[in-house]
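I opened the structure and kept notes on what I looked up. The entries follow in the order I made them.

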Amino acid sequence: MPQPVASLSLDLDNKWSYLKTHGDRGWESFPSYLDTVVPRFLDMLGGLGLRITVFIVGQDAALEQNRESLSALAAAGHEIGNHSFHHEPWLHLYSPGQIEGEISAAEDAIFSATGVVPHGFRGPGYSLSPAVIDCLARRGYRYDASTLPTLIGPLARTYYFFTARLSRDQLRQRRRLFGGWKDGLQPIRPYWWQITDDAAAILPSDRRLLEIPVTTLPVFRVPIHFSYLLFLRTFSRVAAWSYWRMAMNVCRLTGVEPSLLLHPLDVLGGDEEPDLSFFPAMKMSGVAKRTFVRELLADFSRRFRVLPLGEHAALLAKRSGLSVRKAIATQRPYTQDEDICPRRPEPALTVEAGRQ
Ligand SMILES: [Zn+2]
């Protein structure tokens with residue numbers, strides 16, 4: 001029997017982006033740990049024979065100091081994806097023009113650092129709107145991977161805000177960070193976004209985009225990704241392994257092809273990045289984290305044929321029977337936020353992209 005398929009990705013969030021979302025000072029100088037984490041991932045993934053998708057933030061690609069690390073990822077055969085330019089988890093509040101500027105500026109910077117034009121997208125903090133989907137489809141993207149259908153998003157947000165120093169306006173900007181309760185009910189299995197200009201329109205078949213959700217535990221909608229397993233590991237190694245094995249078995253039994261994700265803090269301990277101690281599992285040392293994650297990845301690749309998302313998307317696109325959801329491009333979600341989240345002038349995005 002052929003091995004079932006799965007996919008794996010890495011959101012290459014940099015130190016500055018975590019400090020920025022958390023409202024901490026110092027992010028403006030773009031502190032980076034990419035020189036440390038990229039070789040660690042290359043070593044770990046190379047040792048396991050895994051090729052994955054790495055979602056790169058355009059701002060990092062635009063900085064000379066990061067280019068060697070980023071080009072090494074492409075040279076090692078990993079797929080390069082677009083993770084926005086400014087990594088603002090309130091991307092869904094941007095106007096269509098700002099979204100276009102954000103996505104194209106990231107494409108340009110990523111191409112210039114890696115020589116690769118990305119065809120896959122993941123929004124910062126799982127931020128997504130119909131206008132983002134429409135923009136990706138028009139720009140020829142093959143898939144989006146910005147949804148995390150979990151019921152614990154609001155709990156994670158509460159925990160995050162508890163440790164943050166944010167103004168009222170900043171809290172409002174971030175009020176959908178990690179998603180709301182409704183996001184927990186979105187599909188776990190991949191589907192097509194069908195883009196339309198209004199709810200009643202006949203849908204043109206060429207305006208569609210494949211969505212590959214980050215897999216959560218079927219039925220219970222609890223995360224399976226590696227940061228969550230590290231969080232469980234801080235309580236009990238046995239509990240973390242039991243949960244992992246149960247989740248993988250449930251995926252097999254229900255025919256779900258898991259698409260899991262990694263983060264840089266999965267290979268960095270609190271002993272190495274004390275500025276980010278507000279994250280869960282930062283009580284663990286870097287060595288302990290890397291050992292645990294390597295063991296999990298080895299088990300993952302024994303159970304599944306683990307692919308980069310682009311290859312998983314190509315297999316899915318060939319299959320019939322995927323469900324379809326409408327994305328109404330002209331509908332502006334969250335418009336109630338417009339007054340409290342004033343947008344920057346649209347040209348600023350591209351100007352900033354060149355200057356930073
Ligand atoms: Zn991110």
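**Entry 1: serine 84**

I began with the contacts of serine 84, leaving out residues up to four places away in sequence: it touches Ile56, Val57, Gly58, Glu102, Ala106, Phe121, Arg122 and Pro124. The model I am reading is a predicted one. I then looked up where serine 84 sits, and found it in the loop between strand S3 (79–82) and helix H5 (96–114). Is serine 84 buried or exposed? Its relative accessible area is 0%, and buried means under 20%, so serine 84 is buried.

**Entry 2: the zinc ion**

Next I asked which protein residues are donors of the zinc ion. They are Asp13 through OD, His83 through NE2 and His87 through NE2, and they lie 2.0 to 2.2 Å from the ion. Along the chain I read their spacing as D-x69-H-x3-H. I also checked the accessibility of the two histidines. Histidine 83 has 1% relative accessibility and counts as buried. Histidine 87 comes out at 5% relative accessible area, and is buried as well.

**Entry 3: strand S1**

I went through S1 (5–11) one residue at a time. Of its 7 residues, 7 are buried, so the strand is largely enclosed by the rest of the structure. In a regular strand, side chains alternate between the two faces of the sheet. I therefore listed the two sides of S1 separately, and both faces are covered. Val5, Ser7, Ser9 and Asp11 are buried on one side, and Ala6, Leu8 and Leu10 are buried on the other.

Which strands does S1 pair with? I noted three partners here.

- S1 and strand S9 (residues 305–307) run parallel and are joined by 3 bridges. Leucine 307 of S9 stands opposite serine 7.
- S1 and S8 also run parallel, with 4 bridges between them. In S8, serine 259 stands opposite serine 7.
- S1 and strand S2 (residues 53–56) run parallel, with 3 bridges. Phenylalanine 55 of S2 is the bridge partner of aspartate 11.

**Entry 4: helix H2**

I checked the length of helix H2 (residues 34–48) against what its residue count predicts. At 1.5 Å a residue, its 15 residues should span 21 Å, and the end C-alpha atoms are 21 Å apart, so the two values agree. I then listed the buried residues of H2: Leu34, Val37, Val38, Phe41, Met44 and Leu45. Seen down the helix axis, these buried residues fall within an arc of 135 degrees, so they line one face of H2. On the other side of H2 I found Asp35, Gly46 and Gly47 exposed.

What do the buried residues of H2 pack against? I found strand S1, helix H3 (58–61), helix H4 (67–75), strand S8 (259–262) and helix H11 (286–303). S1 and S8 thus appear in this entry as packing partners of H2, and in the previous one as strands that pair with each other. After H2 comes glycine 49, and I noted that its phi is positive, near 70 degrees.

**Entry 5: cysteines**

How many disulfides does the whole structure hold? My search of the whole structure found 0. I looked up two cysteines for their accessibility. Cysteine 135 has 1% relative accessibility, so it counts as buried. Cysteine 251 has a relative accessible area of 0%, and is buried too.

Key
Residues numbered from 1 in each chain as written. Predicted model: local features only at pLDDT ≥ 70, side-chain atom pairs only at ≥ 80, totals over all residues. Heavy atoms only, no water. Donors = N, O, S within 2.8 Å, 3.2 Å for Na, K, Ca; no water. Buried < 20%, exposed > 50% of the residue type's maximum accessible area, 1.4 Å probe, protein only. Expected span 1.5 Å × (residues − 1). Arc of directions from axis to C-beta. Contact = heavy atoms within 4.5 Å. Pairing = 2+ DSSP bridges. Disulfide = S-S within 2.5 Å.
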